[in-house]
Amino acid sequence: MAELVLSSVDQGVLTLTFNRPDKLNAWTVELGRVYFDLLEQAAQDPAVRAIVVTGAGKGFCSGADFQTLTAIQTGSLDEAPDPRPNTFPTTIPKPVIAAVNGACAGLGMVHALVCDLVFTAAEAKWTTAFPRRGLIAEYGLSWVLPRLMGQQRAMDVLLSGRVFSGAEAYEMGLVNRSVAGGSVLAEAQAYARELAVHSSPTSMAIIKRQVWNDWDVTLEQSAKTAVQEMVASFSRPDFAEGVASFLERRPPAFPPL
């Protein structure tokens, strides 16, 4: 059986590729398990400083596999669900960047948007799809979407289940960049290499935790925690190296996480 998720590391960047191109990389329990296992391994690997996630062929992820959905409907699904939630990538202490190269629907959209940054092909087709399948806003999208694009736009894409392009996704504030389809992976990898070279792995891990966690706290609580983190950062070698590399006008040599 072909590998469900391809994995390669180059210049500190791990690229993970959903590899069911004949199914537009439709999500299965096993694909998710392999993907999460690879993320866990990346979290422990000092050679990995940033992660890019994309899809093989013409799709990023077209949503849940229809055979899986049918098995759920009939009660015949015999695979135990993975105990890790679909928001699991938010807990990985390294930046995760989605490179949406094509179809991004339903559960696939969830997995794009629980990445820390999203690059998309301008012509990629996005859709929540949920109401057109008799489903609801799944796996926290009702929480994520209003925060990314505002309540009215979130209501639009959730209630209608309409298809919209990567270019429109950018216009609505859903993604960081919309680029020509053939270059989306290369651009995401180039950005990830910039992070790998110039940003402290420890700083990125703490910043990621701050951003995802601070959505649930008050400004006062966020500021108080930030002061504590800032004071702690003064005693780390990353701070000394960051200042020295700036004064010496050279790339920093930050220690791995």
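Biologist: Leaving aside its neighbours within four places in sequence, which residues is Pro89 in contact with?

Modeller: This is a predicted model, in which local features need pLDDT of at least 70 and side-chain atom pairs count only at pLDDT 80 or more, while totals for chains, interfaces and linings use all residues. Residues are numbered from 1 along each chain as its sequence is written, and side-chain values use heavy atoms, with hydrogens and water left out. Contact means heavy atoms within 4.5 Å. Beyond four places in sequence, the contacts of Pro89 are Tyr35, Phe36, Leu39, Val96, Val114 and Lys208.

Biologist: Is Pro89 buried or exposed?

Modeller: Pro89 sits in the loop between helix 2 (66-74) and strand 5 (96-100). Buried means under 20% relative accessible area, exposed over 50%, and partly exposed in between, with a 1.4 Å probe and protein chains only. The relative accessible area of Pro89 is 0%, so Pro89 is buried.

Biologist: What distance separates the C-alpha atoms of Pro89 and Asp116?

Modeller: Along the chain, Pro89 and Asp116 are 27 residues apart. Their C-alpha atoms are separated by 8.5 Å.

Biologist: Which residues have the most contacts inside the largest nonpolar core?

Modeller: A nonpolar core is a set of buried Ala, Val, Leu, Ile, Met, Phe, Trp, Tyr and Cys residues joined through side-chain atoms within 4.5 Å. In soluble globular proteins, nonpolar side chains tend to be buried together. Here the largest such core has 61 residues, and those with the most contacts inside it are Tyr35, Ile51, Trp126, Leu145 and Leu174.

Biologist: Which helix gives the most to this core?

Modeller: Helices (H or I, at least four residues) and strands (E, at least two) are DSSP runs, numbered from the N terminus. With seven residues in the core, the one that gives the most is helix 1 (residues 29-44).

Biologist: Leaving aside neighbours within four places in sequence, what is Tyr35 in contact with?

Modeller: Tyr35 is among the residues with the most contacts inside the largest core. Pro89 touches Tyr35. The full set for Tyr35, beyond four places in sequence, is Val5, Leu16, Phe18, Trp27, Val53, Pro89, Val96, His111 and Cys115.

Biologist: How many helices and strands does the protein have?

Modeller: Among the elements are helix 2 (66-74) and strand 5 (96-100), which flank the loop of Pro89. The protein has ten helices and ten strands.

Biologist: What radius of gyration does the protein have?

Modeller: The radius is taken over C-alpha atoms, and the globule rule is 2.2 Å times the number of residues to the power 0.38. For 257 residues, a compact globule would be near 18 Å. The protein agrees with this, because its radius of gyration is 19 Å.

Biologist: Among contacts between residues at least 6 apart in sequence, what share joins residues at least 24 apart?

Modeller: Of the 257 residues, 45% count as buried. Of the contacts between residues at least 6 apart, those joining residues at least 24 apart make up 69%.

Biologist: Is Met172 buried or exposed?

Modeller: Met172 lies in the loop between helix 6 (166-171) and strand 10 (177-179). Not counting residues up to four places away, Met172 touches Met149, Arg153, Val157, Arg162 and Phe164. Its relative accessible area is 7%, so Met172 is buried.

Biologist: How many Å apart in space are Met172 and Glu248, C-alpha to C-alpha?

Modeller: In sequence the two are 76 residues apart. In space, Met172 and Glu248 are apart by 41 Å.

Biologist: What is the phi of Leu24, which is not a glycine?

Modeller: Leu24 is in the loop between strand 2 (13-18) and helix 1. Leu24 counts as partly exposed because its relative accessibility is 33%. Its phi is positive, at about 55°.

Biologist: What is the relative accessible area of Arg249?

Modeller: Arg249 lies in the segment after helix 10 (237-247). Arg249 is not a glycine, yet has a positive phi of about 55°. Arg249 is exposed, with a relative accessible area of 80%.

Biologist: Leaving aside neighbours within four places in sequence, which residues is Arg132 in contact with?

Modeller: Arg132 lies in the loop between strand 8 (125-127) and helix 4 (141-149). At 55% relative accessibility, Arg132 counts as exposed. Its C-alpha atom is separated by 9.0 Å from that of Leu159, 27 residues apart along the chain. The contacts of Arg132 beyond four places are Ser160, Gly161 and Arg162.
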